[in-house]
Amino acid sequence: MMRESFSVLEIFKKSSKYLQERGISSFKSDTEWIFSHILKIKRIDIFLDKRFVEIDSEIQKLRDAIIRRGRREPLQHILGNVQFFNCTIKSDKRALIPRFETEKLVEIIVNKFPKDFNGTIIDLGTGSGAIIVSLAKQYPNAQCFGLDKCTDALALAKENIHLNHCHHNVELLKYDWTRDSKDFDRADILISNPPYLSSKEWEMTEPEVMNYDPKSALVSENEGLSDLESIITLSPSILKNDGIIALELGKGQCDNIYKHFDKLFDEITIEKDLNGIRRFMTGRLKA
């Protein structure tokens with residue numbers, strides 16, 4: 001029986017067009033990632049057009065993945081993971097997908113502390129564990145803690161800790177900073193990418209965000225400021241003397257957050273993301 005075969009480039013063009021017609025702005029790049037992932041080839045190999053697909057199961061996997069993306073399921077969920085600060089982070093509906101811009105938050109800490117740092121790091125609202133896993137790998141002698149109120153998120157974070165072989169210096173704790181009492185030791189570094197969208201901003205997000213990211217990981221009361229303000233208020237009880245705090249902020253929140261920051265912290269720095277938004281704020285706890 002004759003088996004029909006298709007060139008990878010031929011299928012790619014049809015798949016890319018399918019996603020374009022469904023309003024996926026990154027249709028070409030997303031198709032490249034899906035083909036590279038499923039066929040185990042380099043993205044450049046797609047365009048060299050030397051590979052043919054003859055196995056029905058491969059064709060079906062490609063078709064299923066493209067249809068899922070066409071329905072606006074996030075690419076990271078389809079691939080099953082995302083690269084974050086040189087770590088492979090498993091990604092699914094249990095926690096917020098780690099964003100590229102949040103790597104800058106980790107980079108800020110890495111630029112402040114040497115490789116042999118052996119203090120304590122606390123990540124509030126750890127979610128998938130991307131931040132604390134990245135820092136645990138960067139600082140193998142540090143004691144790292146990822147705190148979150150969501151059981152599902154903590155389960156995903158645990159998988160990512162083991163996936164990245166840093167279980168020896170990371171511990172996860174269930175903790176809700178809005179209601180739970182603190183029962184952990186003070187830290188040298190407090191880092192957090194907390195919920196900071198307003199309800200109105202969340203309603204304007206893309207389907208990939210609204211339908212797949214947990215709303216509780218994105219939306220905060222008081223126009224998105226409530227969780228950031230709570231963390232700042234709690235920080236003197238979480239940080240050691242002269243401890244460092246590093247936060248990711250929402251668009252347009254910097255001035256409001258600075259008013260709270262200035263009461264408790266010295267050496268305040270504000271850094272912009274790649275879009276020029278004042279996105280990150282750090283400071284040292286006043287003595």
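The buried residues of helix α6 pack against a mixed set of elements: β3 (81-84), α7 (130-138), β8 (187-192), β9 (239-248), β10 (265-272) and β11 (278-285). On the α6 side (residues 103-112), the buried positions are E103, L105, V106, I108, I109 and V110. Buried here means under 20% relative accessible area, with exposed set at over 50% and partly exposed in between (1.4 Å probe, protein chains only). Helices (H or I, at least four residues) and strands (E, at least two) are DSSP runs, numbered from the N terminus. This is a predicted model, so local features need pLDDT of at least 70 and side-chain atom pairs count only at pLDDT 80 or more, while totals for chains, interfaces and linings use all residues. Residues are numbered from 1 along each chain as its sequence is written, and side-chain values use heavy atoms, with hydrogens and water left out.

Helix α1 (residues 8-21) holds S15, which is buried at a relative accessible area of 10%. Setting aside neighbours within four places in sequence, S15 touches T31, F35 and I66, where contact means heavy atoms within 4.5 Å.

F35 turns up again among the aromatic pairs, of which the structure holds six. The rings of F12 and F35 have centres 5.8 Å apart and planes at 90 degrees, so this pair is edge-to-face. It joins distant parts of the chain, with F12 in helix α1 and F35 in helix α2 (residues 27-39), 23 residues apart. F12 and F35 are both buried. For the record, rings of Phe, Tyr and Trp (its six-membered ring) pair if their centres lie within 6.5 Å; planes under 30 degrees apart count as stacked, over 60 as edge-to-face and the rest as tilted. Another edge-to-face pair is F117 with Y139, at 5.6 Å centre to centre and 75 degrees between the planes. F117 sits in the loop between α6 and β5 (120-124) and Y139 in the loop between α7 and β6 (143-148), so the pair ties together parts 22 residues apart in sequence. Like the rings above, F117 and Y139 are buried. Ring pairs also link F12, F35 and F47 into a cluster.

Two lysines sit over aromatic rings. K182 lies over the face of F184, 5.2 Å from the ring centre, and the charged end of K215 is over the ring of W202, 4.4 Å from its centre. The test here is NZ of Lys or CZ of Arg within 6 Å of the ring centre and within 35 degrees of the ring normal.

Then there is the second largest pocket, with about 610 Å³ of space. A pocket is an open set of points on a 1 Å grid over the protein atoms alone, where a 1.4 Å probe fits, with protein on both sides within 12 Å along at least five of seven lines; lining residues have an atom within 4 Å of a point. The lining numbers 36 residues, with G125, D148, P195, S216 and A217 nearest the centre. Helices α7 and α11 (226-238) each supply at least two of the lining residues, and α11 gives the largest share, three residues.

As for the backbone, K40 has a positive phi of about 55 degrees without being a glycine. K40 lies in the loop between α2 and α3 (43-48) and counts as exposed at 66% relative accessibility. E267, in strand β10, likewise has a positive phi, near 50 degrees, and is exposed at 55% relative accessibility.

Methods:
Points joined across faces, edges and corners; volume = space filled by probe spheres on them.
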